[in-house]
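Colleague: Could you walk me through this one? I'd like to go over confidence, the two chains and the packing.

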Amino acid sequence: MIAFEHVGKRYGGRFEALAHLNFRVARGEMVFLTGHSGAGKSSLLRLIMRLEKPSRGRVVVAGHDIAQLHASQVPFYRRQIGVVFQDHQLLFDRSIFHNVSLPLEIQGVEPREAARRVRAALDKVGLLHREKALPIELSGGEQQRVGIARAVVNKPALLLADEPTGNLDPQLSADIMALFEDFNRIGTTVMIASHDLALIARLRHRILRLSDGRLVADEGAV
Amino acid sequence: MRPSATPKRQKGAALKTSRSTAKPAVEKAPRRGARSQQTRFSSRLRAWGRHHRSMAWDSFVRLVRYPVGNLLTMLAIAIALVLPAALWLTLDSARLLDAELDDSATLTVYLDLAADDAQALRIEEAVNAEQSVLETQMISAEQGMAEFQQALGLDDVLAGLDDNPLPISIVVRPESVDPAAMQQLATTLEALTGVDEVRVDLAWVERLRNLAELGRRVALALGALFGLGVLLVVGNTIRLSVESRRREIEVVMLIGATHAFVRRPFLYSGAWYGLGGGLLALCLLGMGNHWLALPVASLAESYGASFSLPQLNVTGSTILLSCSTILGWLGAWLAVTRHLSSIRPR
């Protein structure tokens, strides 16, 4: 599903955020990405989302070298990936329902079908009863679940999450991770960047450990 | 609706094949064959139309939500439009832009004083026989005198004359109003027996024409200049609104919105600004008309003429509104396009 081949990323010519990255993630796999802050976890995810291009090497997603994508194709590429952000990236002037339906709106899904899928996604994250609320009325954990609902509403084959449990207490974090496992169980490839070592160690999935932009350990690979 | 979508779609399909059995049946339906291709196209077309409608409405609602600020923007647009439009109307009312101007290009053939009516008729026939003469009108000595009196208001003086000192004249409307052709026609007519003199009323026709051309150009230049002003006003307003919705734009771009999708609401805002400005401009023109109507009427009356200020007719109003709407749209397009390149999702 994802292949990094000798990938390096420099910012501003000097600072080397990522170097010599080589790894593969199979379809349907669930992978944690860990490392101290500044180790390059976010940079790696940004490369997969094609927010940036690698300075060296190739990033191949679903068989395509994504650096080759024309700028006009990038939006269509991003629609295939669900992303959960640490800071949720919700729109605060819209209801939960509208936040979750945004990806479907962008893809031009017919409104009735969209409503059905939005409610299914909200139901999955346990927030169906809050669909009319504004994000500001929700707790941090609930906001994060809205972010997850938005990421999965168009049934992406690949789900990325950047510190999804960053500001949550252990119980909420475990709930969120359980949600990701549910999506992984139905075949979605999941990649989660997290520095919550205790939590991810308990979950028994593959762990990619980054340090100073290099891959220093690949544990539990199948 | 963009052609570039096609290769991406295939990619999407490739990604989707990884879905497990838990995927709903809808997603699994085979996506091949002309029929499904067609339905997909028409459904995308519907989705596109739906987004246009919803964005048109959404941007209208945003406009109404802040009436004062937006009204001021529209007023600025209206003022920029009123000036060239008013100038154009003034020129139009002075008939300077009218094709009928050509009708006033005439030659006047003055016959010898001694010529009587029978001779005059013969000469008129001869004049009419000329190829380049469109029509003629005979003005008898008495008619000439009457016109002269009316024009000068010197009834008493002229009434004191024993003899009518004016010759019979023939007004000739030439086929061509080209100065050289008219001059040549004048020379030919002057050679006819019984003709004393041919006067070509060319100079003032030319002058009027130059004036009309000048006015037209000034109006067009002003129109272009103030049109640019409208672009800038709308562009600046849209720039601010792009800035205030920057976060929203970043988010939707993160989850796969195309530039066209992001641009759309702003384009509609721009078009609404333009349309609103155009409507206000029509109101301002109407008010100006009302304001000036009375003094213009009394002024005209004092000259014994009836003259009313020109109104913008349906065609003119439509043109004004379309122009302002298009300008608004264009201003928004320029502003958004310039700005989008600077917005990168974080």
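What follows is a short set of questions and answers.

Modeller: Before you start, this is a predicted model, where local features need pLDDT of at least 70, side-chain atom pairs count only at pLDDT 80 or more, and totals for chains, interfaces and linings use all residues. Residues are numbered from 1 along each chain as its sequence is written, while chains are lettered from A and ligands numbered from 1 in the order in which they are written.

Colleague: In chain B, in which helix is confidence highest?

Modeller: pLDDT is the predictor's confidence in each residue, from 0 to 100, and chain B averages 79, with 80% of the residues at 70 or above. Helices here are DSSP runs (H or I, at least four residues; strands are E, at least two), numbered from the N terminus. Confidence in chain B bottoms out at a mean of 38 in helix H2 (residues 25–28) and peaks at 92 in helix H12 (residues 314–340).

Colleague: How far apart are the C-alpha centres of domain 1 and domain 2 of chain B?

Modeller: The bounds come from an automatic or database domain assignment. For chain B, domain 1 takes 58–100 + 207–341 and domain 2 takes 106–200. Their C-alpha centres are separated by 50 Å.

Colleague: Over residues 271–294 of chain B, how far apart are the end C-alpha atoms?

Modeller: The unreviewed UniProt entry annotates residues 71–91, 218–238, 271–294 and 314–336 of chain B as "transmembrane region"; such annotations may be inferred rather than shown by experiment, and the positions use the numbering here, with feature names shortened. Residues 71–91 of chain B are 100% helix and 0% strand, with end C-alpha atoms 30 Å apart. Residues 271–294 of chain B are also 100% helix and 0% strand, and there the end-to-end value is 36 Å.

Colleague: Is helix H1 of chain A largely enclosed or open, and which residue with positive phi follows it?

Modeller: Call a residue buried if 20 or more other C-beta atoms, placed from the backbone, lie within 10 Å of its own (exposed: 12 or fewer; partly exposed in between). Of the 8 residues of H1(A) (residues 41–48), 6 are buried, so the helix is largely enclosed by the rest of the structure. Those buried include Leu44(A), Leu45(A) and Leu47(A). After H1(A), with a positive phi near 65°, comes Arg50(A).
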